[in-house]
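Open the model in your viewer and follow the selections below in order. Each stop says what to select and what is there.

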Amino acid sequence: METTDTARNDDAYLQHRRLNRGAAGWVLLAGLGVAYVISGDFAGWNLGLAQGGWGGLLIAFVLMGVMYTCMVFGLAELSSTLPTAGAGYAFARRALGPLGGFATGMAVLIEYAVAPAAIATFIGGYVEALGLFGLTNSWPVYLVTYAIFIGIHLRGVGEALKLMFAITAVATAALFAAAVGLAPKFDAARLFDIVPDGSAGSSAFLPMGISGILAALVYGIWFFLAVEGVPLAAEETSNPKQDMPRGIIVAVLILVVFGALMLVLVPGAAGSLAMSTSDNPLPEALRIAYGGNTFLADFINYAGLAGLVASFFSIIYAYSRQLFALSRAGYLPRWMSLTGKRRTPYWALIVPGTIGFLLAAITQDGALLINIAVFGATVSYVLLNLSHIVLRRKEPLLERGYRTPGGVVTTSIALVLSAVAVVATFVVDVFAASITAGIFAAALLYYWFYSRHRIVAGAPEEEFARLARAEAELKS
(Lines give C-alpha, C1' and ligand atoms only; values in the text may rest on other atoms or scores of the structure.)
Protein backbone atom coordinates (compact mmCIF):
# COMPACT_ATOMS: atom_id res chain seq x y z
CA MET A 1 0.00 0.00 0.00
CA GLU A 2 1.22 3.52 -0.79
CA THR A 3 2.40 5.86 1.92
CA THR A 4 1.08 9.44 1.86
CA ASP A 5 3.54 12.26 2.37
CA THR A 6 1.72 14.67 4.68
CA ALA A 7 4.69 16.95 5.17
CA ARG A 8 4.12 18.37 1.70
CA ASN A 9 0.35 18.78 1.91
CA ASP A 10 0.40 22.52 2.46
CA ASP A 11 -0.24 25.63 0.43
CA ALA A 12 3.47 26.46 0.23
CA TYR A 13 4.16 23.26 -1.72
CA LEU A 14 1.30 23.74 -4.19
CA GLN A 15 1.88 27.50 -4.48
CA HIS A 16 4.99 26.77 -6.57
CA ARG A 17 3.12 24.21 -8.65
CA ARG A 18 0.13 26.08 -10.09
CA LEU A 19 -1.01 26.48 -13.68
CA ASN A 20 -2.73 29.43 -15.37
CA ARG A 21 -6.48 28.81 -15.04
CA GLY A 22 -9.01 30.01 -17.61
CA ALA A 23 -6.58 30.22 -20.53
CA ALA A 24 -8.61 28.06 -22.96
CA GLY A 25 -12.21 27.64 -24.10
CA TRP A 26 -13.66 24.81 -26.18
CA VAL A 27 -12.58 26.28 -29.54
CA LEU A 28 -8.95 26.41 -28.43
CA LEU A 29 -9.33 22.90 -27.02
CA ALA A 30 -10.64 21.60 -30.35
CA GLY A 31 -7.73 23.35 -32.04
CA LEU A 32 -5.36 21.75 -29.54
CA GLY A 33 -6.80 18.31 -30.31
CA VAL A 34 -6.34 18.81 -34.06
CA ALA A 35 -2.88 20.28 -33.54
CA TYR A 36 -1.75 17.24 -31.56
CA VAL A 37 -2.45 15.01 -34.54
CA ILE A 38 -2.35 17.04 -37.76
CA SER A 39 1.28 16.16 -38.49
CA GLY A 40 0.07 12.59 -38.91
CA ASP A 41 -1.73 13.68 -42.07
CA PHE A 42 1.44 15.19 -43.53
CA ALA A 43 3.87 12.33 -42.88
CA GLY A 44 4.20 8.98 -41.14
CA TRP A 45 0.87 7.34 -41.99
CA ASN A 46 2.07 6.53 -45.51
CA LEU A 47 4.71 4.13 -44.13
CA GLY A 48 1.79 1.82 -43.39
CA LEU A 49 1.41 1.28 -47.14
CA ALA A 50 4.68 -0.67 -47.02
CA GLN A 51 3.30 -2.81 -44.18
CA GLY A 52 -0.16 -3.69 -45.44
CA GLY A 53 -0.72 -2.09 -48.83
CA TRP A 54 -3.57 0.34 -49.38
CA GLY A 55 -6.27 -2.14 -48.40
CA GLY A 56 -4.49 -3.11 -45.21
CA LEU A 57 -3.98 0.52 -44.23
CA LEU A 58 -7.60 1.34 -45.09
CA ILE A 59 -8.89 -1.39 -42.77
CA ALA A 60 -6.41 -0.27 -40.09
CA PHE A 61 -7.63 3.34 -40.46
CA VAL A 62 -11.27 2.29 -40.07
CA LEU A 63 -10.56 0.11 -37.02
CA MET A 64 -8.42 2.73 -35.32
CA GLY A 65 -10.91 5.46 -36.23
CA VAL A 66 -13.61 3.45 -34.45
CA MET A 67 -11.29 2.87 -31.49
CA TYR A 68 -10.41 6.54 -31.09
CA THR A 69 -13.96 7.77 -31.54
CA CYS A 70 -15.28 5.34 -28.93
CA MET A 71 -12.42 6.17 -26.57
CA VAL A 72 -12.88 9.92 -27.02
CA PHE A 73 -16.53 9.62 -25.95
CA GLY A 74 -15.29 7.92 -22.78
CA LEU A 75 -12.61 10.57 -22.24
CA ALA A 76 -15.18 13.31 -22.72
CA GLU A 77 -17.04 11.89 -19.73
CA LEU A 78 -13.95 11.34 -17.61
CA SER A 79 -12.50 14.80 -18.28
CA SER A 80 -15.78 16.51 -17.40
CA THR A 81 -15.89 14.49 -14.17
CA LEU A 82 -12.26 14.74 -13.02
CA PRO A 83 -10.84 17.94 -14.57
CA THR A 84 -7.17 17.99 -13.56
CA ALA A 85 -3.85 18.34 -15.36
CA GLY A 86 -3.20 14.66 -14.65
CA ALA A 87 -5.88 13.62 -17.17
CA GLY A 88 -5.19 9.93 -17.95
CA TYR A 89 -3.24 9.42 -14.75
CA ALA A 90 -6.02 11.07 -12.74
CA PHE A 91 -8.76 8.97 -14.37
CA ALA A 92 -6.91 5.70 -13.78
CA ARG A 93 -5.89 6.79 -10.26
CA ARG A 94 -9.55 7.16 -9.29
CA ALA A 95 -10.66 3.93 -11.00
CA LEU A 96 -7.68 1.58 -10.67
CA GLY A 97 -5.75 2.89 -7.65
CA PRO A 98 -2.28 4.46 -7.42
CA LEU A 99 -0.43 1.73 -9.35
CA GLY A 100 -2.95 1.90 -12.19
CA GLY A 101 -2.73 5.68 -12.18
CA PHE A 102 1.05 5.71 -12.29
CA ALA A 103 1.15 3.03 -15.03
CA THR A 104 -1.27 5.03 -17.17
CA GLY A 105 0.60 8.28 -16.60
CA MET A 106 3.94 6.71 -17.53
CA ALA A 107 2.52 5.12 -20.69
CA VAL A 108 1.15 8.52 -21.72
CA LEU A 109 4.45 10.18 -20.87
CA ILE A 110 6.41 7.70 -23.03
CA GLU A 111 4.04 8.41 -25.91
CA TYR A 112 4.27 12.20 -25.59
CA ALA A 113 8.01 12.35 -24.96
CA VAL A 114 8.84 10.25 -28.05
CA ALA A 115 6.18 11.46 -30.52
CA PRO A 116 7.80 14.93 -30.90
CA ALA A 117 11.11 13.21 -31.65
CA ALA A 118 9.44 11.28 -34.49
CA ILE A 119 7.82 14.47 -35.76
CA ALA A 120 11.19 16.26 -35.62
CA THR A 121 12.62 13.70 -38.06
CA PHE A 122 9.77 14.46 -40.47
CA ILE A 123 10.34 18.21 -40.06
CA GLY A 124 13.94 17.54 -41.05
CA GLY A 125 12.71 15.59 -44.09
CA TYR A 126 10.52 18.48 -45.23
CA VAL A 127 13.35 20.99 -44.72
CA GLU A 128 15.74 18.84 -46.74
CA ALA A 129 13.12 18.40 -49.48
CA LEU A 130 12.96 22.20 -49.80
CA GLY A 131 16.75 22.41 -49.97
CA LEU A 132 16.81 24.94 -47.15
CA PHE A 133 20.16 25.94 -45.61
CA GLY A 134 21.97 23.29 -47.68
CA LEU A 135 21.41 20.71 -44.94
CA THR A 136 22.26 17.07 -45.55
CA ASN A 137 21.93 16.06 -41.89
CA SER A 138 18.87 17.19 -39.96
CA TRP A 139 20.09 17.24 -36.35
CA PRO A 140 20.50 21.07 -36.36
CA VAL A 141 16.83 21.27 -37.40
CA TYR A 142 15.86 19.10 -34.43
CA LEU A 143 17.88 21.27 -32.04
CA VAL A 144 16.47 24.57 -33.29
CA THR A 145 12.92 23.21 -33.35
CA TYR A 146 13.07 21.99 -29.75
CA ALA A 147 14.78 25.18 -28.52
CA ILE A 148 12.34 27.59 -30.17
CA PHE A 149 9.12 25.86 -29.21
CA ILE A 150 10.06 24.95 -25.67
CA GLY A 151 11.03 28.60 -25.31
CA ILE A 152 7.59 29.75 -26.47
CA HIS A 153 5.91 27.40 -24.00
CA LEU A 154 8.03 28.83 -21.20
CA ARG A 155 6.49 32.25 -21.91
CA GLY A 156 2.99 31.10 -20.97
CA VAL A 157 0.15 28.77 -21.92
CA GLY A 158 -2.20 31.46 -23.26
CA GLU A 159 0.37 32.72 -25.77
CA ALA A 160 1.37 29.16 -26.69
CA LEU A 161 -2.16 27.93 -27.34
CA LYS A 162 -3.08 30.95 -29.46
CA LEU A 163 0.05 30.60 -31.59
CA MET A 164 -0.60 26.86 -31.90
CA PHE A 165 -4.16 27.59 -33.06
CA ALA A 166 -2.88 29.95 -35.79
CA ILE A 167 -0.29 27.43 -37.01
CA THR A 168 -2.94 24.70 -37.04
CA ALA A 169 -5.25 26.89 -39.14
CA VAL A 170 -2.50 27.24 -41.77
CA ALA A 171 -1.88 23.47 -41.75
CA THR A 172 -5.60 22.72 -42.06
CA ALA A 173 -5.85 25.06 -45.05
CA ALA A 174 -2.88 23.21 -46.59
CA LEU A 175 -4.60 19.85 -46.21
CA PHE A 176 -7.69 21.24 -47.90
CA ALA A 177 -5.57 22.70 -50.72
CA ALA A 178 -3.75 19.37 -51.17
CA ALA A 179 -7.07 17.54 -51.41
CA VAL A 180 -8.32 19.99 -54.05
CA GLY A 181 -5.08 19.67 -56.03
CA LEU A 182 -4.90 15.87 -55.90
CA ALA A 183 -8.58 15.11 -56.57
CA PRO A 184 -8.42 15.71 -60.38
CA LYS A 185 -5.44 13.33 -60.64
CA PHE A 186 -7.08 10.52 -58.68
CA ASP A 187 -7.04 7.07 -60.31
CA ALA A 188 -8.28 4.14 -58.21
CA ALA A 189 -5.87 1.77 -59.99
CA ARG A 190 -2.92 3.57 -58.41
CA LEU A 191 -4.13 2.52 -54.95
CA PHE A 192 -3.35 -1.10 -55.80
CA ASP A 193 0.05 -0.86 -57.52
CA ILE A 194 1.94 -2.80 -54.82
CA VAL A 195 2.61 -6.35 -56.02
CA PRO A 196 1.15 -9.07 -53.74
CA ASP A 197 3.90 -10.89 -51.82
CA GLY A 198 2.20 -14.30 -51.73
CA SER A 199 1.29 -14.16 -48.03
CA ALA A 200 -1.87 -15.90 -46.83
CA GLY A 201 -4.83 -13.96 -48.20
CA SER A 202 -2.69 -11.66 -50.34
CA SER A 203 -4.31 -9.86 -53.26
CA ALA A 204 -4.17 -6.52 -55.06
CA PHE A 205 -6.29 -5.10 -52.24
CA LEU A 206 -4.23 -6.76 -49.48
CA PRO A 207 -0.76 -7.29 -51.01
CA MET A 208 0.70 -8.42 -47.67
CA GLY A 209 -2.32 -10.56 -46.82
CA ILE A 210 -4.24 -10.66 -43.56
CA SER A 211 -1.09 -10.15 -41.48
CA GLY A 212 -0.58 -6.84 -43.27
CA ILE A 213 -3.70 -5.43 -41.61
CA LEU A 214 -2.24 -6.04 -38.15
CA ALA A 215 1.11 -4.55 -39.19
CA ALA A 216 -0.64 -1.46 -40.58
CA LEU A 217 -2.53 -0.77 -37.34
CA VAL A 218 0.41 1.19 -35.93
CA TYR A 219 0.19 3.59 -38.86
CA GLY A 220 -3.58 3.74 -38.67
CA ILE A 221 -3.02 5.01 -35.15
CA TRP A 222 -0.70 7.74 -36.46
CA PHE A 223 -3.74 9.44 -38.03
CA PHE A 224 -5.10 10.04 -34.50
CA LEU A 225 -2.21 9.68 -32.07
CA ALA A 226 -2.30 12.15 -29.14
CA VAL A 227 -5.85 13.52 -29.56
CA GLU A 228 -6.47 11.95 -26.16
CA GLY A 229 -4.18 14.64 -24.74
CA VAL A 230 -6.87 17.33 -24.79
CA PRO A 231 -7.92 16.63 -21.14
CA LEU A 232 -4.40 17.54 -20.02
CA ALA A 233 -5.51 21.18 -20.40
CA ALA A 234 -8.32 20.77 -17.84
CA GLU A 235 -6.76 22.97 -15.15
CA GLU A 236 -6.18 25.73 -17.70
CA THR A 237 -9.70 25.62 -19.15
CA SER A 238 -12.50 28.13 -18.55
CA ASN A 239 -15.29 25.59 -17.95
CA PRO A 240 -13.95 22.02 -18.15
CA LYS A 241 -17.31 20.32 -17.55
CA GLN A 242 -18.70 21.82 -20.76
CA ASP A 243 -15.61 22.73 -22.77
CA MET A 244 -13.73 19.43 -22.50
CA PRO A 245 -16.37 17.14 -24.08
CA ARG A 246 -17.16 19.65 -26.82
CA GLY A 247 -13.50 20.31 -27.68
CA ILE A 248 -12.27 16.71 -27.82
CA ILE A 249 -15.29 15.37 -29.77
CA VAL A 250 -15.09 18.12 -32.39
CA ALA A 251 -11.34 17.47 -32.73
CA VAL A 252 -11.67 13.74 -33.41
CA LEU A 253 -14.42 14.28 -36.00
CA ILE A 254 -12.23 16.76 -37.91
CA LEU A 255 -9.34 14.30 -37.80
CA VAL A 256 -11.45 11.45 -39.21
CA VAL A 257 -12.43 13.59 -42.22
CA PHE A 258 -8.90 14.79 -43.04
CA GLY A 259 -7.38 11.36 -42.44
CA ALA A 260 -9.81 9.75 -44.90
CA LEU A 261 -9.07 12.40 -47.54
CA MET A 262 -5.30 11.91 -47.31
CA LEU A 263 -5.52 8.11 -47.28
CA VAL A 264 -7.58 8.08 -50.49
CA LEU A 265 -6.20 11.02 -52.49
CA VAL A 266 -2.44 10.88 -51.87
CA PRO A 267 -1.79 7.28 -53.02
CA GLY A 268 -4.68 7.56 -55.48
CA ALA A 269 -2.87 10.36 -57.30
CA ALA A 270 0.76 9.23 -56.96
CA GLY A 271 0.57 5.48 -56.33
CA SER A 272 0.78 3.48 -53.12
CA LEU A 273 4.22 2.10 -53.97
CA ALA A 274 5.79 5.53 -54.45
CA MET A 275 4.19 6.88 -51.27
CA SER A 276 5.11 3.89 -49.08
CA THR A 277 8.64 5.17 -48.40
CA SER A 278 8.26 8.95 -48.70
CA ASP A 279 9.36 11.33 -45.93
CA ASN A 280 7.19 14.14 -47.39
CA PRO A 281 4.28 12.37 -49.11
CA LEU A 282 1.92 15.29 -49.81
CA PRO A 283 4.25 17.55 -51.83
CA GLU A 284 5.87 14.50 -53.44
CA ALA A 285 2.45 13.19 -54.48
CA LEU A 286 1.67 16.55 -56.10
CA ARG A 287 4.99 16.55 -57.97
CA ILE A 288 4.43 13.01 -59.24
CA ALA A 289 0.81 13.69 -60.17
CA TYR A 290 1.66 16.87 -62.12
CA GLY A 291 4.93 15.61 -63.62
CA GLY A 292 7.20 18.09 -61.86
CA ASN A 293 7.36 20.90 -59.38
CA THR A 294 4.41 23.26 -59.03
CA PHE A 295 3.50 26.27 -56.93
CA LEU A 296 0.98 24.14 -55.05
CA ALA A 297 3.60 21.48 -54.25
CA ASP A 298 5.92 24.13 -52.85
CA PHE A 299 3.09 25.70 -50.87
CA ILE A 300 2.12 22.32 -49.39
CA ASN A 301 5.77 21.64 -48.62
CA TYR A 302 6.05 24.87 -46.62
CA ALA A 303 2.59 24.53 -45.09
CA GLY A 304 3.40 20.90 -44.30
CA LEU A 305 6.10 22.24 -42.05
CA ALA A 306 3.35 24.20 -40.28
CA GLY A 307 1.39 20.97 -39.75
CA LEU A 308 4.40 19.17 -38.39
CA VAL A 309 5.26 22.14 -36.18
CA ALA A 310 1.67 22.34 -34.89
CA SER A 311 1.79 18.76 -33.63
CA PHE A 312 5.34 19.08 -32.36
CA PHE A 313 4.45 22.29 -30.54
CA SER A 314 1.24 20.97 -28.98
CA ILE A 315 2.63 17.60 -27.87
CA ILE A 316 5.38 19.45 -26.02
CA TYR A 317 2.52 21.05 -24.09
CA ALA A 318 1.02 17.59 -23.47
CA TYR A 319 4.16 15.92 -22.15
CA SER A 320 4.89 18.83 -19.85
CA ARG A 321 1.44 18.66 -18.24
CA GLN A 322 1.55 14.90 -17.77
CA LEU A 323 5.01 15.07 -16.22
CA PHE A 324 3.94 18.08 -14.12
CA ALA A 325 0.98 16.15 -12.66
CA LEU A 326 2.96 12.99 -11.89
CA SER A 327 5.74 15.04 -10.29
CA ARG A 328 3.39 17.29 -8.30
CA ALA A 329 1.81 14.18 -6.77
CA GLY A 330 5.20 12.68 -5.90
CA TYR A 331 5.21 9.78 -8.36
CA LEU A 332 8.21 11.31 -10.12
CA PRO A 333 10.85 13.67 -8.63
CA ARG A 334 9.04 16.71 -7.24
CA TRP A 335 11.41 19.32 -8.62
CA MET A 336 10.09 18.55 -12.11
CA SER A 337 6.72 20.14 -11.23
CA LEU A 338 8.06 23.54 -10.20
CA THR A 339 6.46 26.44 -12.06
CA GLY A 340 7.85 29.90 -12.68
CA LYS A 341 6.35 33.40 -12.60
CA ARG A 342 4.33 32.68 -15.74
CA ARG A 343 2.89 29.50 -14.18
CA THR A 344 4.64 27.21 -16.67
CA PRO A 345 6.35 23.97 -15.49
CA TYR A 346 9.82 24.71 -16.82
CA TRP A 347 11.59 21.47 -15.83
CA ALA A 348 8.66 19.43 -17.17
CA LEU A 349 9.22 21.17 -20.50
CA ILE A 350 13.01 20.95 -20.61
CA VAL A 351 13.75 17.41 -19.39
CA PRO A 352 11.59 15.42 -21.87
CA GLY A 353 12.59 17.87 -24.61
CA THR A 354 16.25 17.08 -24.05
CA ILE A 355 15.53 13.34 -24.15
CA GLY A 356 13.44 13.73 -27.32
CA PHE A 357 16.14 15.73 -29.10
CA LEU A 358 18.74 13.08 -28.30
CA LEU A 359 16.46 10.31 -29.56
CA ALA A 360 15.83 12.14 -32.83
CA ALA A 361 19.49 13.09 -33.35
CA ILE A 362 20.86 9.64 -32.52
CA THR A 363 18.32 7.46 -34.37
CA GLN A 364 17.12 9.81 -37.15
CA ASP A 365 14.53 7.08 -37.72
CA GLY A 366 10.94 8.29 -37.76
CA ALA A 367 9.46 4.82 -38.19
CA LEU A 368 11.31 3.48 -35.12
CA LEU A 369 10.22 6.44 -33.00
CA ILE A 370 6.62 6.06 -34.19
CA ASN A 371 6.63 2.47 -32.97
CA ILE A 372 7.98 3.48 -29.56
CA ALA A 373 5.40 6.27 -29.20
CA VAL A 374 2.56 4.02 -30.35
CA PHE A 375 3.50 1.31 -27.83
CA GLY A 376 3.16 3.79 -24.98
CA ALA A 377 -0.06 5.10 -26.47
CA THR A 378 -1.73 1.71 -26.89
CA VAL A 379 -0.88 0.63 -23.35
CA SER A 380 -2.41 3.85 -22.05
CA TYR A 381 -5.52 3.30 -24.19
CA VAL A 382 -6.13 -0.10 -22.62
CA LEU A 383 -5.91 1.45 -19.16
CA LEU A 384 -7.98 4.54 -20.04
CA ASN A 385 -10.86 2.55 -21.47
CA LEU A 386 -10.69 0.15 -18.54
CA SER A 387 -10.82 3.15 -16.19
CA HIS A 388 -14.05 4.39 -17.74
CA ILE A 389 -15.65 0.94 -17.43
CA VAL A 390 -14.50 0.43 -13.82
CA LEU A 391 -15.55 3.93 -12.74
CA ARG A 392 -19.01 3.45 -14.23
CA ARG A 393 -19.36 0.20 -12.26
CA LYS A 394 -17.71 1.38 -9.06
CA GLU A 395 -19.20 4.88 -8.83
CA PRO A 396 -22.43 4.98 -10.83
CA LEU A 397 -23.74 7.99 -8.88
CA LEU A 398 -20.63 10.12 -9.41
CA GLU A 399 -21.61 13.53 -10.81
CA ARG A 400 -20.68 13.62 -14.48
CA GLY A 401 -20.73 16.70 -16.68
CA TYR A 402 -21.18 14.50 -19.76
CA ARG A 403 -22.20 10.87 -20.24
CA THR A 404 -20.74 8.62 -22.94
CA PRO A 405 -23.29 7.52 -25.57
CA GLY A 406 -23.63 3.75 -25.22
CA GLY A 407 -21.91 3.79 -21.82
CA VAL A 408 -19.48 0.95 -21.14
CA VAL A 409 -20.38 -0.79 -24.42
CA THR A 410 -18.71 2.08 -26.28
CA THR A 411 -15.51 1.97 -24.25
CA SER A 412 -15.50 -1.84 -24.29
CA ILE A 413 -15.22 -1.70 -28.09
CA ALA A 414 -12.30 0.71 -27.72
CA LEU A 415 -10.74 -1.54 -25.07
CA VAL A 416 -10.73 -4.61 -27.33
CA LEU A 417 -9.31 -2.68 -30.30
CA SER A 418 -6.62 -1.02 -28.17
CA ALA A 419 -5.52 -4.43 -26.85
CA VAL A 420 -5.18 -5.63 -30.46
CA ALA A 421 -3.14 -2.50 -31.21
CA VAL A 422 -0.69 -3.36 -28.39
CA VAL A 423 -0.07 -6.71 -30.08
CA ALA A 424 0.40 -4.93 -33.42
CA THR A 425 3.36 -2.92 -32.08
CA PHE A 426 5.26 -6.17 -31.59
CA VAL A 427 4.33 -7.38 -35.09
CA VAL A 428 5.71 -4.22 -36.73
CA ASP A 429 8.91 -3.86 -34.69
CA VAL A 430 9.52 -6.34 -31.89
CA PHE A 431 12.80 -4.62 -30.98
CA ALA A 432 11.24 -1.17 -30.47
CA ALA A 433 8.25 -2.60 -28.60
CA SER A 434 10.46 -4.75 -26.35
CA ILE A 435 12.79 -1.88 -25.49
CA THR A 436 9.82 0.35 -24.66
CA ALA A 437 8.20 -2.40 -22.60
CA GLY A 438 11.47 -2.69 -20.66
CA ILE A 439 11.51 1.06 -19.93
CA PHE A 440 7.88 0.85 -18.83
CA ALA A 441 8.69 -2.07 -16.52
CA ALA A 442 11.63 -0.16 -15.01
CA ALA A 443 9.29 2.76 -14.27
CA LEU A 444 6.89 0.42 -12.47
CA LEU A 445 9.77 -0.88 -10.33
CA TYR A 446 10.68 2.74 -9.48
CA TYR A 447 7.12 3.27 -8.31
CA TRP A 448 6.97 0.06 -6.29
CA PHE A 449 10.26 0.48 -4.45
CA TYR A 450 10.43 4.26 -4.12
CA SER A 451 7.75 6.71 -5.18
CA ARG A 452 4.68 4.99 -3.73
CA HIS A 453 6.03 5.87 -0.31
CA ARG A 454 6.26 9.57 -1.22
CA ILE A 455 2.86 10.38 -2.70
CA VAL A 456 1.61 13.91 -1.99
CA ALA A 457 -1.96 13.69 -0.72
CA GLY A 458 -2.64 17.38 -1.36
CA ALA A 459 -2.20 17.08 -5.14
CA PRO A 460 -5.55 17.48 -6.94
CA GLU A 461 -5.51 13.99 -8.47
CA GLU A 462 -4.83 12.44 -5.08
CA GLU A 463 -7.45 14.68 -3.50
CA PHE A 464 -10.09 13.22 -5.82
CA ALA A 465 -9.12 9.71 -4.76
CA ARG A 466 -9.09 10.65 -1.07
CA LEU A 467 -12.58 12.13 -1.30
CA ALA A 468 -13.81 8.99 -3.03
CA ARG A 469 -12.45 6.84 -0.19
CA ALA A 470 -14.05 9.11 2.41
CA GLU A 471 -17.43 8.94 0.68
CA ALA A 472 -17.21 5.16 0.48
CA GLU A 473 -16.42 4.94 4.20
CA LEU A 474 -19.42 7.12 5.07
CA LYS A 475 -21.74 4.88 3.07
CA SER A 476 -20.40 1.66 4.60
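Start by selecting Trp26, Leu29, Ala30, Gly33, Val34 and Val37 in α2; they meet Asp243, Met244, Arg246, Gly247, Val250, Ala251, Ile254 and Leu255 in α9. Colour this contact by residue type: 10 of its residues are nonpolar, two are polar and two are charged. The model you are looking at is predicted.

Next, widen the selection to the whole of both helices, residues 26–37 for α2 and residues 240–270 for α9. Their axes come within 8 Å and cross at roughly 40 degrees. An angle between 35 and 65 degrees counts as oblique, so α2 and α9 are oblique to each other. The crossing in which α2 passes α9 is right-handed.

Now move to helix α5, residues 88–130, and show α14 with it. The axes of these two helices are 8 Å apart, and the packing angle is about 160 degrees. Because angles over 145 degrees count as roughly antiparallel, α5 is described as roughly antiparallel to α14. The crossing of α5 and α14 is left-handed. In their contact, 25 residues are nonpolar, seven are polar and three are charged.

Stay on α14, which spans residues 366–394, and select Asn371 within it. Is Asn371 buried or exposed? Its relative accessibility is 4%, and the cut-off for buried is under 20%, so Asn371 counts as buried.

Last, show what surrounds this side of the helix. Which residues does Asn371 touch, leaving out those up to four places away in sequence? They are Val218, Tyr219, Val428, Asp429 and Ala432.

Terms used
Residues are numbered from 1 along each chain as its sequence is written. This is a predicted model: local features need pLDDT of at least 70, side-chain atom pairs count only at pLDDT 80 or more; totals for chains, interfaces and linings use all residues. Side-chain values use heavy atoms; hydrogens and water are left out. Helices (H or I, at least four residues) and strands (E, at least two) are DSSP runs, numbered from the N terminus. Buried means under 20% relative accessible area, exposed over 50%, partly exposed in between (1.4 Å probe, protein chains only). Contact means heavy atoms within 4.5 Å. Axes are lines fitted to C-alpha atoms, for helices over the stretch in contact, and angles run from 0 to 180 degrees between N-to-C directions. Angles under 35 degrees count as roughly parallel, over 145 as roughly antiparallel, 65 to 115 as roughly perpendicular and the rest as oblique. A crossing is left-handed if the near helix is turned anticlockwise from the far one by less than a right angle, and right-handed if clockwise. Ala, Val, Leu, Ile, Met, Phe, Trp, Tyr, Cys and Pro count as nonpolar, Asp, Glu, Lys and Arg as charged, and the others, Gly among them, as polar.
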